[in-house]
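Please look first at how the protein surrounds its ligand, and then at the local geometry of the backbone in two loops. The paragraphs after the display take these topics in that order.

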Amino acid sequence: MGTPFQAKSYEFTQYTSAQNWIGGKWVDAQNTEKLEVINPRFGKSMAQVCMSGADDVAKAVAAAKEALPAWQDMPIRERGEVFYNLRQLMHDNIEELTWLVSHENGKTYDESKAEVLKAIECAEYGCALPNIAAAPQLEVSRGVECRIVYEPVGVVAGVTPFNFPIMVPLWMLPQALVGGNAFILKPSEQVPLSCIRLAEMLQEAGLPDGIFNIVNGGQETVEALCDDEDIDALAFVGSTRVAKIVYGRAAQTGKRVLCLGGAKNHLLVVPDADLELTAANVMASFTGCAGQRCMAASVMVAVGEVDHIIDEIKNHAQRVETGKDMGAIVNEASVERITGYIDAAEAQGAKVLVDGRNAKGGPEGYWVGPTLLDNVSPDMPAAKEEIFGPVLSIVRVKNLDEAIELENSSNYGNASAVYTTSGDVAKEVMNRVSAGMCGVNIGVPVPREPFGFGGWNDSKFGHGNITGWDGYRFWTRPRKISSKWALQKDTTWMS
Ligand code: NAD
């Protein structure tokens, strides 16, 4: 295989620059402008990434269109075979992929390994598709049979965020490729490096050249993907601000579009919650990946007297060693945004129980430690807006109704969870919160494969989920076939 990443630890390591992957080859973008790819632990460039425009997108589309007929002619079982091979290659190279994710994104080794394992789980869904994608068939009246065939959409595209460099692309690829499409990926320009290895592994796994392409870049590249008339479907994962723009723009060309956006996740904690489980889980939810997860806890809704639990979360947070237990923040602007929210909340009367503003995980790089804000009022930006850092805003309410009302007042609706030992409380919360992914005593309620991932409200634009069966349906279109055999001579309204 091509270009292995050599790092075996956090030690700063340079890597090859990210070009475009078109028709199974690395090629330069038309534009010679390049962006530095920064290792957030060191705040130092480890590679460069090219910035593509409409011409580069057109080249990827042409390669995809050329490769598509032969790929679509292959039986689904043969297309699925690629993901068996990819799964094995990812396992065989898991250390390398783990360090690559860690170096470009800043998350810890353990978090990076968990991401790669979750990406492998997504690839497994691709292995399963040939066994589960059989479509319905029914004799709808005597001698007349209706059946469905899931056909590919054509040339499709995916745009992904910085926080899961390899997992989010794999939310899309198994369903889209096994479904018979050709794919153009636009990774986040902040983390384009894991996808270099992904492209090379897909090729080694047997994927024909041209069926998976990468165009690197930023806003201009995404706009070109949205505007290209020959791209038939586009999925996006990123912030709500951009998700809304992309949803509107891509739909202008009649594409099928699904855009997953940002989040403000509420964890409701009631007095009967198990102390140890709740404290450890809430802590893990808001500090995992340094809070840079769309499923991270952001608001803890303290229902009544739960001070003993808050004290225990505080104890946990104070023990965290930034840099060892918790990774870096992706860039300097994000550090400023996160600390800006903490400064504002403090100025507006919130109490800073644990302060991560001056935490350092190393002599260089971008860091914020776990931060616990108490007495945050619902109208403060820290309670309403996505901070996307290791900050938990505690909002105190008197009862469960008030807690649910607070959760429902959020524009977002990605995740929500309750910590309780009462089945009644759990059921009440699960029935009434306005969120697409809900947890009982689970702070990061990710619907694992085969369940579909996707939020509600401003956390998602478009229908269905990105993973699981909904993902397969998004990347395919059902052909409905009605047949009557020649012996059936009668004439009806269906004739
Ligand atoms: P982002 O929206 O800044 O970028 C996402 C992608 O959009 C990148 O590939 C980027 O190049 C591109 N982009 C940026 N600005 C653009 C513009 N103006 N027009 C067109 N394209 C543009 O998001 P990010 O900072 O990379 O990722 C963090 C965000 O993603 C958070 O809001 C997080 O909640 C969200 N996220 C959501 C999910 C989910 O499943 N709902 C999953 C992961 C991350």
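What follows is a walk through a predicted model, beginning with the ligand and its surroundings.

The ligand sits in the largest pocket, and a convenient way to find that site is to look for K186, E189, S239, G261 and E386, which come nearest among the 27 residues around the ligand. Domain 1, made up of 20-261 together with 459-479, and domain 2, which covers 265-440, both give residues to this shell, so the ligand lies between the two domains. At the level of secondary structure, helix 7 (219-227) supplies at least two residues of the shell, as does strand 10 (233-237). Sorted by class, the shell holds 14 nonpolar residues, ten polar ones and three charged ones.

Several polar contacts can be followed atom by atom. In the side chain of E386, an N or O atom is 2.6 Å from an oxygen atom of the ligand, while in the side chain of K186 the corresponding distance from an N or O atom to a ligand oxygen is 2.7 Å. T160 takes part through its backbone, where an N or O atom lies 2.8 Å from an oxygen atom of the ligand. Taken alone, the ligand would expose 850 Å², of which the protein buries 90%.

Away from the ligand, the backbone geometry deserves a careful look. Most peptide bonds are trans, and most residues other than glycine have a negative phi. The peptide bond from E449 to P450, however, is cis, with omega near 10 degrees, and P450 is placed in the loop between strand 18 (437-440) and strand 19 (460-461). C289, a residue other than glycine, has a positive phi, near 50 degrees, and is found in the loop that runs between helix 9 (275-287) and strand 13 (297-303).

Conventions. Residues are numbered from 1 along each chain as its sequence is written. This is a predicted model: local features need pLDDT of at least 70, side-chain atom pairs count only at pLDDT 80 or more; totals for chains, interfaces and linings use all residues. Side-chain values use heavy atoms; hydrogens and water are left out. A residue is near a molecule or strand if one of its heavy atoms lies within 4 Å of it. A polar contact is a pair of N or O atoms within 3.5 Å; within protein, one must be able to donate a hydrogen and the other to accept it, and residues adjacent in sequence count only if both atoms are side-chain atoms. Accessible areas come from the Shrake-Rupley method with a 1.4 Å probe; for residues, only the protein chains shown count as cover. On a 1 Å grid over the protein atoms alone, a cavity is a set of points where a 1.4 Å probe fits but cannot get out, and a pocket is an open set with protein on both sides within 12 Å along at least five of seven lines; lining residues have an atom within 4 Å of a point. A molecule sits in a cavity or pocket if more than half of its atoms lie within 2 Å of its grid points. Helices (H or I, at least four residues) and strands (E, at least two) are DSSP runs, numbered from the N terminus. Ala, Val, Leu, Ile, Met, Phe, Trp, Tyr, Cys and Pro count as nonpolar, Asp, Glu, Lys and Arg as charged, and the others, Gly among them, as polar. Domain bounds come from an automatic or database domain assignment.
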